[in-house]
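Here are my notes on this model, set out as numbered points. Please read them with the structure open.

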Number of protein chains: 2
Amino acid sequence: MSPAELDQLTSEWLDKLQESGYRRTDRCEAIVRAILASPRAMDPMELFDEARKDIPRLGLVTVYRTIQKLADLGLVERLHQEEGCHRVLPATQGHQHFLVCSSCGTVTYFAGDNLAGLFETIAAQTGFEIQEHWLQLFGLCPACRPA
Amino acid sequence: MSPAELDQLTSEWLDKLQESGYRRTDRCEAIVRAILASPRAMDPMELFDEARKDIPRLGLVTVYRTIQKLADLGLVERLHQEEGCHRVLPATQGHQHFLVCSSCGTVTYFAGDNLAGLFETIAAQTGFEIQEHWLQLFGLCPACRPA
DNA sequence: CCTGATCTTGAAAATCGTTTTCATTTTATT
DNA sequence: AATAAAATGAAAACGATTTTCAAGATCAGG
Ligand SMILES: [Mn+2]
Ligand SMILES: [Mn+2]
Ligand SMILES: [Zn+2]
Ligand SMILES: [Zn+2]
């Protein structure tokens, strides 16, 4: 993403926050930019370190509070991890899922999983009414693949 | 599962623990039985409460330590949840995934997801080498479905 | 059976990530 | 500028999990 695109997207997110009654602040801008600028899912402490480069007096609490606001608006999602579920990513668009590099943590999005048939089979077998599914892939990104 | 089957399975798990150098104790047996007896994924505190019916002097630490041993041996897996990943279940057999009732928490297992084609497509599109996948379904179990 | 080596246990304290509290500052509206 | 509402940071509180440590249980060998 180019610097101009990053500014653009950051500004759009701040607009959406503002439309929802939140205020436009330098801290929020720094945190949003840190989320959007990273190809990796970042945890609160990593976002804190990143955003403090812009706002040295930032508090870690503000990172947590901002993540919560962004999650409430559906702008970010939390990445499910083996150890915990604390990393933050720009939300998937429509019916997408995450593909995570198990070496460097880079995340990309994908679509096209067609599980409708599976759901019907399972519903018939188990009597469950299927409501939701989580699908998350792990692998090696191009940069981390052995040559 | 009948009481006899439960005893049988519990004993098998204790055997496996013992074969791996762990010792056979009453605490461990109570915790293993609690895991196997429940149709739901239980968190450490729930297992604690359940196992204390057998062993009133049990400590919560022992529950954590036993879960860790069972996970090391591959006998249990942790269920991925929105809030955290702390619930424990007998491990899936072969290529299976979890189907969780979003109302009562009952968990069943399923197989038959065929994602190989999807993985090839995604590998081609993204350059990732796919290694692993998590698939978890949520729905309403027969008992929780509206009539 | 004893006995020692090793593993297990529970209580208490420590740790770690996250949330709450509260007084102060900042933002948005008049 | 004056005001009301929201945002902030420091500190304290919190809850789940882990570590420490001294005492107790299990197990293999004699
Ligand atoms: Mn899907
Ligand atoms: Mn699968
Ligand atoms: Zn990578
Ligand atoms: Zn149910």
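**Notes on the protein interface, the DNA strands and the helix packing**

1. Chain B and chain A bury about 3300 Å² between them, and carbon and sulfur atoms give 67% of that area. On the chain B side, the residues that lose the most area to chain A are B:Phe128, B:Trp134 and B:Phe138. Together these three make up 23% of what that side buries. The contact draws 37 residues from chain B and 36 residues from chain A. Keep in mind that this is a predicted model.

2. Next, DNA strand C. The strand is surrounded by 19 residues. The closest are A:Tyr64, B:Arg23, B:Arg27, B:Thr62 and B:Arg65. Of the strand C atoms that come within 4 Å of the protein, sugar and phosphate account for 68%. By class, the surface near strand C has eight charged, six nonpolar and five polar residues.

3. Which atoms approach the phosphate oxygens of DNA strand C? From A:Tyr64, a polar side-chain atom lies 2.3 Å from a phosphate oxygen of strand C. B:Arg57 uses a polar backbone atom, at 3.1 Å from a phosphate oxygen of this strand. B:Gly59 also places a backbone N or O atom 3.1 Å from a phosphate oxygen of strand C. Two elements give two or more residues to the surface near strand C: helix H4 (60-72) of chain A and helix H4 (60-72) of chain B. H4(B) gives the most, with four residues.

4. Now DNA strand D. Around this strand there are 19 residues, of which A:Arg27, A:Thr62, A:Arg65, B:Arg23 and B:Tyr64 come nearest. Sugar and phosphate make up 68% of the strand D atoms that come within 4 Å of the protein. The surface near strand D divides into eight charged, six nonpolar and five polar residues.

5. Phosphate contacts on DNA strand D deserve their own point. An N or O atom in the side chain of A:Thr25 is 2.8 Å from a phosphate oxygen of strand D. A:Arg57 contributes a backbone N or O atom, 3.0 Å from a phosphate oxygen of strand D. For A:Gly59, a polar backbone atom is 3.1 Å from a phosphate oxygen of the strand. H4 of chain A and H4 of chain B are the elements that give two or more residues to the surface near strand D. Which helix gives the largest share of that surface? H4(A) does, with four residues.

6. Helix packing in chain A comes next. The axes of H2 (residues 26-37) and H3 (residues 44-52) of chain A come within 9 Å and cross at roughly 115°. The crossing of H2(A) and H3(A) is right-handed. H2(A) brings A:Ala30, A:Ile31, A:Ala34 and A:Ile35 to the contact, and H3(A) brings A:Leu47, A:Glu50 and A:Ala51. Six of the contact residues of H2(A) with H3(A) are nonpolar, none is polar and one is charged.

7. Last, helix packing in chain B. H2 (residues 26-37) and H3 (residues 44-52) of chain B pack at an angle of about 115°, with axes 9 Å apart. H2(B) passes H3(B) in a right-handed crossing. The contact is made by B:Ala30, B:Ile31, B:Ala34 and B:Ile35 from H2(B), and by B:Leu47, B:Glu50 and B:Ala51 from H3(B). By class, the contact of H2(B) with H3(B) has six nonpolar residues, no polar residues and one charged residue.

Definitions and conventions:
Residues are numbered from 1 along each chain as its sequence is written. Chains are lettered from A and ligands numbered from 1 in the order in which they are written. This is a predicted model: local features need pLDDT of at least 70, side-chain atom pairs count only at pLDDT 80 or more; totals for chains, interfaces and linings use all residues. Side-chain values use heavy atoms; hydrogens and water are left out. Axes are lines fitted to C-alpha atoms, for helices over the stretch in contact, and angles run from 0 to 180 degrees between N-to-C directions. A crossing is left-handed if the near helix is turned anticlockwise from the far one by less than a right angle, and right-handed if clockwise. Contact means heavy atoms within 4.5 Å. Ala, Val, Leu, Ile, Met, Phe, Trp, Tyr, Cys and Pro count as nonpolar, Asp, Glu, Lys and Arg as charged, and the others, Gly among them, as polar. A residue is near a molecule or strand if one of its heavy atoms lies within 4 Å of it. A polar contact is a pair of N or O atoms within 3.5 Å; within protein, one must be able to donate a hydrogen and the other to accept it, and residues adjacent in sequence count only if both atoms are side-chain atoms. Buried area is the accessible area (1.4 Å probe) that two parts lose on being put together, summed over both.
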